[in-house]
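Q: Could you take me through this one closely, beginning with how the contacts are spread along one chain? I'd like a connected account that I can follow with the structure in front of me.

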Amino acid sequence: MAYRILCGASGLVMLLLGVGAFVSFFLYHGPGSAGAGPLPIGPGGAYYLGALGCALVAWGGALVGAARRPAAAPWLASVTALALVMNAVVRMVAWVVGDYAYLGDVLRVEAAVFLMLSLAFIWLKPRPVETARSA
Amino acid sequence: MRIRWLVTLAIAALLLLDLYLPLSIIGRRGPEGAVRLEVPTSRVAVGQPFPPARLIDLDGEPFDLASLRGHRVLLTYERSVDW
């Protein structure tokens, strides 16, 4: 049950963030926006943000699907944990590099949250026996 | 089961590193942080005097740009001094 809640909650967050990132690309290039936005991302950043949004929608959708039927994707927890660890490493390095100093300790806090989430995915994922029983 | 524990240990090590970063040598915001905080870049313009700035030199000692007044000064900029 905890695993389903974890998948559902994180999946919904990713879906919302994905849609937001996708929409932000169009807002950045929309008429009258003149490239203005809360983050100094530039046109290149807006492009990657839009692409990231598409990927987050797929990732979040898969997690929501796993919340409904955990046995349908037993590998999802492992790859999600791996991706979260990779995200955490990126943030930790970004914190050290001075170019992202304006973000302050947000990067380190995010990295810590991602690492703890990855641990939750690793320990709450269904064991092979449970997966076979529920399949 | 053993792999799960190994992965957990690796992630826990990363978590500890994340917490330790501000205390580590590479995590200390050195000269670059001081420059970013203390030089009002919005007031830097061609033809205008460089605004007063108290910086930190490579030895960690405070350095006042005003001490160079009257001398020829060449300012160079490097990306990410503390990386």
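A: Gladly! In chain B, if we take the contacts between residues at least 6 apart in sequence, 33% of them join residues at least 24 apart. Please keep in mind that this is a predicted model. The elements of chain B are two helices and two strands, and along the sequence they come in the order α-α-β-β. As for burial, 4% of the 83 residues of chain B count as buried.

Now let's move to chain A and pick out two residues. A:Leu76 belongs to helix α3, which covers residues 76-96. Its surroundings hold 19 C-beta neighbours inside 10 Å, and because a residue needs 20 or more to be buried, A:Leu76 is classed as partly exposed. Leaving aside residues up to four places away in sequence, A:Leu76 touches A:Ala62, A:Leu63 and A:Ala66. Take A:Ala62 from that list: 14 residues separate A:Ala62 from A:Leu76 in sequence, and their C-alpha atoms are 7.9 Å apart.

The other residue, A:Ser33, sits in the loop that runs between α1 (2-29) and α2 (42-68) of chain A. A:Ser33 is exposed because 12 other C-beta atoms lie within 10 Å, and 12 or fewer is the cut-off for that class. With residues up to four places away in sequence again left out, A:Ser33 touches A:Leu27 and A:Tyr28. If you would like a distance to check on screen, try A:Ser33 to A:Trp95: they are 62 residues apart in sequence, with 30 Å from C-alpha to C-alpha.

Definitions and conventions
Residues numbered from 1 in each chain as written. Chains lettered and ligands numbered in written order. Predicted model: local features only at pLDDT ≥ 70, side-chain atom pairs only at ≥ 80, totals over all residues. Helix = DSSP H or I, 4+ residues; strand = E, 2+ residues; numbered from the N terminus. Contact = placed C-beta atoms within 7 Å.
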